[in-house]
Amino acid sequence: MNPVVFIPAYVSARRYTDTPSVTATFDHMTPMVEQGTMARCLESLKTVRGLGKVIIPVVAEPAIANQAAAKYRKIAALFPDLDITVISEAESAALKRRIGGLGFTVKDEIGFTGYGSVRNLCLVVALLMGADSLIFMDDDEIVDDSDFLAKALYGLGKQTRKGAPIIAKTGFCRNVQGSWLAPVSGKWYDKHWFQPDAFNAWMSSVKSGPRLVRSGHALGGIMALHRDAFLNVAFDPWIPRGEDGDYALDLHLYGHDMWMDNQWSIVHAPDPERSEGRRFRQNVYRWTYEQRKLEFARSLFDLHWVDPVAMMPYPGVMLGKSALRGMAKTAALRSFVCEDKAGYKEAKRAAVSDAPRYAERNCDKYFDFQGHWPTLARKLDENRLILEAGQNLNDGLRQVPSQVRGDITGHLPKVDMTELTGRLDLAPRPELTGRITPVRQSASVGRTTPTGLAHPADPAIPADPANPASRHAES
């Protein structure tokens, strides 16, 4: 396989930038006047064996979009041994025009207007390049394993013994001290905040289990997708943050699976968060929207039902109403004692009124967009383009002959997964595996339905519905 590596960069004009847009609020934006962490990340990639194309989408405020792109092109030029292409707002606009020429109208669903929108732009670029797989990273990460790429592709595009395809997988992040656990404050004002403890319980379970297990969560800073994933399922442009974990749930809704590889990891070394309150506010929007979206999905007869109980401890604990109440209480308590009091007051207001209204207004939009995605993706694949390294898309796009690509079923080689993992064919571990309850399917969804996926006979899923315990998942 020949994966394309995507490392988005988020740039702001000032040290602190706020925006009225819910989806266009990004964590850890790099001010134009600061070097940022991209050079450190690229330096760490120099030792990775088999590394191919690296794409850097530069997300910036409109006023500094050109300067930001120029800055990252200069950074890319420092690494002549790496095959790097920088994509700016100009290239994004060119891609949208190409999509329009295929008869589709897109606005903020693909582009630079939110985390999910940026991910979808990456999917479009991968399709136009004819990539068979892609890897997502963040620019504040460090690769310390020369076999990073080999581990990313381990099992990807293969099938389990029961025929379940592995088309999407995630790994885990370690901090600079080597810990993969989320920090738990233990403060009295955080007694209603369940996320860190639930995440740590999930991580402890997957770390002690087989190398590859189904997961209800994913980390966007370390995610690998086979082309049969991004041909069939898009990211949600309306989720404020956590688009990676949401993508794992979207895969489940459309009959696919995210897999956790507990031997694939990366070092996460972010700069200090400039506004913890604002980040917490985004979490309030995220989980409120996620709950309402899954509730709406239950009304659609052609989707699989995602049971929060089967996702325990994580993200299941965050998909219940008690989590929303807990976030409101935590925001209120933190607004009295934490440094970013204004940010936490905004988070409290969001929990009480703004976030529920946002969720109600947007909960159905993803399903309309996703309904068209497989058709758009195949159109892009049939009218494939090549990105010439280092050139502007307006000048560097050239058409190449299309290749007929099959669907997942029957086109992925069936292999003996014991050769890959040695453990996937073992008896089910109830504390590591969960279930999705399928409901009647409709041909209107526009997706392939792989055989052997999420059925009780699969050894990776317990046959007993009383054992709900583990499609769980981070922060």
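Okay, let me start with helix α1: six of its eight residues are buried, so α1 is largely enclosed by the rest of the structure. Before I go on, keep in mind that this is a predicted model.

Which residues of α1 are the buried ones? They're Met38, Ala39, Cys41, Leu42, Ser44 and Leu45. And what covers them? The cover includes strands β2, β4, β5, β6 (133-137) and β7 (141-142), plus helix α2.

That brings me to α2, residues 65-77. Quick sanity check on the geometry: with 13 residues at 1.5 Å a residue, α2 should span 18 Å, and its end C-alpha atoms are indeed 18 Å apart, so the two agree. The buried set on this helix is Ala65, Ala68, Ala69, Lys71, Tyr72, Ile75 and Ala76. Those residues cover an arc of only 160° around the axis, which means they sit on the same side of α2. Turn to the other side and you find Asn66, Lys74 and Ala77, which are exposed.

So what does the buried side of α2 pack against? On the helix side, there's α1 (38-45) and α3 (89-101). On the strand side, the partners are β2 (9-12), β3 (30-31), β4 (53-60) and β5 (83-87).

Let me zoom out for a second. The chain has 13 helices and 13 strands. It runs to 475 residues, and 59% of them count as buried. The accessible surface comes to about 18400 Å², with 53% of that belonging to carbon and sulfur atoms.

Now, charges. How many salt bridges does a search of the whole structure find? The search turns up 21. I'll walk through a few of them.

Take Lys169 and Asp261, where the closest N and O atoms are 2.8 Å apart. This pair links distant parts of the chain: Lys169 is in strand β8 (residues 168-174) and Asp261 is in strand β11 (residues 258-268), 92 residues apart. Are these two buried or exposed? Lys169 is buried, at a relative accessible area of 0%, and Asp261 is buried as well, also at 0%.

Next pair: Arg334 and Asp190, with their side chains meeting in a salt bridge at 2.7 Å, N to O. Here again distant parts of the chain are linked, with Arg334 in helix α10 and Asp190 in the loop between β8 and α6 (195-207), 144 residues apart. Both Arg334 and Asp190 are buried.

Then there's Lys293 with Asp236, and the closest N and O atoms are 2.8 Å apart. Lys293 lies in helix α9 (residues 276-297), while Asp236 is in the loop between α7 (227-230) and α8 (243-253), so this pair ties together parts that are 57 residues apart in sequence. Lys293 is buried, and so is Asp236. This one isn't on its own, either: Asp236, Asp246, Asp250 and Lys293 are linked in a network of salt bridges.

Last stop, the surface. Trp188, Phe336 and Val337 form a nonpolar patch there, with about 370 Å² of accessible area together. Phe336 lies in helix α10, residues 321-337, and Arg334 from the Asp190 salt bridge is in α10 too. What about the exposure of Phe336? Its relative accessible area is 64%, so Phe336 counts as exposed, the cut-off being over 50%. Arg334, by contrast, is buried.

Okay, that's my tour. Happy to pull any of this up on screen.

How values were computed:
Residues are numbered from 1 along each chain as its sequence is written. This is a predicted model: local features need pLDDT of at least 70, side-chain atom pairs count only at pLDDT 80 or more; totals for chains, interfaces and linings use all residues. Side-chain values use heavy atoms; hydrogens and water are left out. Helices (H or I, at least four residues) and strands (E, at least two) are DSSP runs, numbered from the N terminus. The expected span of a helix is 1.5 Å times one less than its number of residues. Buried means under 20% relative accessible area, exposed over 50%, partly exposed in between (1.4 Å probe, protein chains only). The arc is that of the directions from the helix axis to the C-beta atoms. Contact means heavy atoms within 4.5 Å. Patches are made of residues with over 30% relative accessible area and no salt bridge: like charges are joined within 9 Å, nonpolar side chains (Val, Leu, Ile, Met, Phe, Trp, Tyr) within 5 Å. Accessible areas come from the Shrake-Rupley method with a 1.4 Å probe; for residues, only the protein chains shown count as cover. A salt bridge is a side-chain nitrogen of Lys or Arg within 4 Å of a carboxyl oxygen of Asp or Glu.
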